[in-house]
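Trainee: Give me a close look at the pocket in this one, please, along with the salt bridges. I'd also like to hear how far the model can be trusted.

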Amino acid sequence: MNTCTLERSTVVAATPDQVWAAIGDFGGLADWHPHVPSSTIEDDADPQVPGAVRVFTIDGKVVARERLLERDADARWYRYALLDPVILPVGDYVATLAVRPHADGAEVRWSAAYQSPDEVVAQVESLIGDGTYGTGLDALRTRFARG
């Protein structure tokens, strides 16, 4: 297994604080991402406190679990780990969702580092990079489009 990275970013026509208000809730990914199922937080934990685990289900079947590792609301980012990967054979998957100031509004960057065999990297790029990260970032750009 090799260490691999994945990253997608976009510039959104809104202030960093406006974007963070929309995406900064670890338990609220489905509130702004059009293709992510709603999630629940295990054990009624606070979704803003590291250690919280969000669980995604489709038709009653768990499809993903993710643990919040770190969150810095002032710097507008959070980091989480994928637990029990069920779709692709990846390990040590840690992702970061961050919002930074940009001359045209705010830059949103979604990135990850993970362990994977070489033959799986293209699938990760397609399913997670384009399907999850790219689709979510496109939705944010549309949501905050000026005009």
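Mentor: Confidence first: among the elements of the protein chain, S3 has the lowest mean pLDDT, 91, and H1 the highest, 97. Here pLDDT is the predictor's confidence in each residue, from 0 to 100, and the elements are DSSP runs numbered from the N terminus, helices being H or I over at least four residues and strands E over at least two. Over the protein chain the mean is 93, with 98% of the residues at 70 or more. This is a predicted model, so to speak of a local feature takes pLDDT of at least 70 and side-chain atom pairs need 80 or more, while totals for chains, interfaces and linings use all residues. Numbering runs from 1 along each chain as its sequence is written, and side-chain values use heavy atoms, with hydrogens and water left out.

Now the pocket. The largest one holds about 530 Å³ of space (the volume filled by probe spheres set on grid points joined across faces, edges and corners). A pocket, on a 1 Å grid over the protein atoms alone, is an open set of points where a 1.4 Å probe fits, with protein on both sides within 12 Å along at least five of seven lines; lining residues have an atom within 4 Å of a point. There are 27 lining residues here, and Ala64, Glu66, Ile87, Ile128 and Thr132 sit nearest the centre. Strands S3 (53-58), S4 (61-72) and S5 (77-83) and helix H3 (121-143) each give two or more residues to that lining, and H3 supplies the largest share, 5 residues. By character, the lining splits into 20 nonpolar, 4 polar and 3 charged residues (nonpolar: Ala, Val, Leu, Ile, Met, Phe, Trp, Tyr, Cys and Pro; charged: Asp, Glu, Lys and Arg; polar: the others, Gly among them).

S4 also holds Arg65, and that one is worth following through its salt bridges (a side-chain nitrogen of Lys or Arg within 4 Å of a carboxyl oxygen of Asp or Glu). The Glu42 and Arg65 side chains pair up at 2.9 Å, N to O. Glu42 comes from the loop between strand S2 (39-41) and S3, whereas Arg65 is in S4, so this bridge ties together parts 23 residues apart in sequence. Arg65 pairs with Asp84 too, the closest N and O atoms being 2.4 Å apart. Since Asp84 is in the loop between S5 and strand S6 (91-102), that pair ties together parts 19 residues apart in sequence. Both acids count as partly exposed, Glu42 at 27% relative accessibility and Asp84 at 46% (buried is under 20% relative accessible area, exposed over 50%, partly exposed in between, with a 1.4 Å probe and protein chains only).

A further bridge joins Glu70 and Arg79, with 2.6 Å between the closest N and O atoms. Glu70 is partly exposed at 36%, as is Arg79 at 26%. Elsewhere, Glu7, Glu107 and Arg109 form a salt-bridge network, and the count comes to 10 salt bridges.

Back on S3, Ile58 is partly exposed too, with a relative accessible area of 44%. Ile58 and Tyr80 are 22 residues apart in sequence and 21 Å apart in space, C-alpha to C-alpha.
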